[in-house]
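Dear colleague,

I am handing over the structure we spoke about, and below it you will find my notes on what turned up in it. Please read them with the model open beside you.

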Amino acid sequence: MAYYRTPSDVTALPAWQALNKHRQAMQNFSMREAFNTDPQRFSQFTLSSAGLFLDYSKNLITTETRDLLVSLAGEVGLKDAIKAQYDGELVNSSEGRPALHTALRRPVGDKLKVNGVDVMPDVHRVLNQMTELVGRIHDGLWRGYTEKPITDVVNIGIGGSFLGPELVSEALVAYAHKGVRCHYLANIDGSEFHELSMKIRAETTLFIVSSKSFNTLETLKNAQAARAWYLAQGGSEVELHRHFIAVSSNNAAAVAFGIREENIFPMWDWVGGRYSLWSAIGLPIALAIGMSNFKELLSGAYTMDQHFQSAPFEQNMPVLLGLLGVWYGNFWGAQSHAILPYDHYLRNITKHLQQLDMESNGKSVRQDGTPTSTDTGPVIWGGVGANGQHAYHQLLHQGTQMIPADFIVPIVSFNPVADHHQWLYANCLSQSQALMMGKTRAEAEAELREKGMDEQEVQKLAPHKVIPGNRPSNTLVVERISPRRLGALVAMYEHKVFVQSVIWGTNAFDQWGVELGKEMGKAVYQRLTGGTEEPADDASTQGLINYFRGRHRG
């Protein structure tokens, strides 16, 4: 299999140099003026695909900016990179693997070879295996040790085995199958397990242990705690197989735990954790919303995949969003990016996108191991609107940092209450409008004079009322949050992240930075528990170990 190679230094490319000059020319660009002088601006900077409508007109861009950014994508070989990923080339160079989460969304009949073997029959075999399991549980045919049907499913996993499935099952709660409740257990903090155990009964609960290696510390500890709890509640070793299934590539460890081999769903090394909700890792999603809706989710993602592969870059949603992120991060000094969903059911999308983006592009070396010549991934943060307006939006509007934002909002609410949704939608639009327009000193003064203030008070208060404006944002609108549209939305962000990794030359599919803390954690644990008396490598860590041991009881 071929390795895909990215250019060594993006800053040496002609398009990058042209963007540097263009950035200087844009120093005094005003979005407010651009809208006032160009009645076509909205239509020039909007597009729709896969049920998503993107308005990116409230950005510090002109058509020239877009042309230069598209040229940059061409010069780094983005088209070839996209093809390499879809063809199964080894785009994850540090681990010698392809990155084929898109294969999980491809239809029956497609062919895709990895190491000479067509993987598509396996993909659809697992989908059929999931369909059978989901059908048995929803029909009440899968029963616990007291012969009662399963009413609760607990997904035990962390990182990508938790964030994506939780996002989707909560976002699509309007499509939930009645009679089965899904829960998530991720953190190793015992309080999380305690709180969960108060909500479920062992005799009617199915645990899904989601771990590729079946030895991820947090997941394994929680699985062991769940097993001990199940036995303490009256379950038996003999009936354990009725209450535990696994998604793993380590069949031997799962079988040793007590899970039957036919109830182990595979994970492939060509699917990274943060890209895995489309696989059997998505079992809790399928159990929450039904298999037909899960397949609609896949279909929506596949539609976005097709758009990403075929649309010209200047009309390509993930490409444009990726390029805008590069524009702000590398040419305007933006260091973070806000994700602001105006939908209660999408409240966890920011957490999923934090992992997707920051674990993928939180890198400081290129694919070839040389240092990057630019800043790379931003800090991803945010939360649900309109709550944020009464919290951190203040910094967005009047803080000293430039923080681009994505507003995500549906047109239709699943739970209309009076005119609440109209107000929610209005708040979303007004926030992006206020970020763009701001309020000038003259406007602030006029506003205060209209309230009858004397001139001394006007001059005293006016500076505090000035809003700089000219702050960029994108607005993504969907008719409603359906399985297909949500699939397209998540896939769009996956592709955006990949676009940026290609431009920076980084590997979006490894995460070696996660490993160091894990390894050090084992050594700290040994010192905490008396497994070794050898001192830690630094005085701070040793001091905190001593503090714990001197005061911990139990």
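In these notes Ala, Val, Leu, Ile, Met, Phe, Trp, Tyr, Cys and Pro count as nonpolar, Asp, Glu, Lys and Arg as charged, and the others, Gly among them, as polar. On that basis the lining of the largest pocket divides into 13 nonpolar, 17 polar and 13 charged residues. This is a predicted model, in which local features need pLDDT of at least 70 and side-chain atom pairs count only at pLDDT 80 or more, while totals for chains, interfaces and linings use all residues. Residues are numbered from 1 along each chain as its sequence is written, and side-chain values use heavy atoms, with hydrogens and water left out.

The largest pocket (an open set of points on a 1 Å grid over the protein atoms alone, where a 1.4 Å probe fits, with protein on both sides within 12 Å along at least five of seven lines) has a volume of about 1300 Å³, a volume being the space filled by probe spheres set on the points, which are joined across faces, edges and corners. Its lining (residues with an atom within 4 Å of a point) comprises 43 residues, of which Ser213, Thr216, Val514, Glu515 and Lys518 lie nearest the centre. Helix α20 gives the most to this lining, with eight residues; helices (H or I, at least four residues) and strands (E, at least two) are DSSP runs, numbered from the N terminus.

The second largest pocket holds about 290 Å³ of space, and of the 14 residues that line this pocket, His344, Ser413, Asn415, His421 and Leu424 are the closest to its centre. Helix α16 (residues 420–437) gives the most to that lining, with three residues.

Turning to the rings, the structure holds 18 aromatic pairs, where rings of Phe, Tyr and Trp (its six-membered ring) pair if their centres lie within 6.5 Å, and planes under 30 degrees apart count as stacked, over 60 as edge-to-face and the rest as tilted. Phe162 and Tyr184 form a tilted pair, at 6.2 Å centre to centre and 55° between the planes. Phe162 lies in the loop between β5 (152–156) and α7 (163–171) and Tyr184 in strand β6 (residues 181–185), so this pair ties together parts that are 22 residues apart in sequence. Tyr184 is buried (under 20% relative accessible area, with a 1.4 Å probe and protein chains only; exposed is over 50%, partly exposed in between), at 13% relative accessibility.

With kind regards
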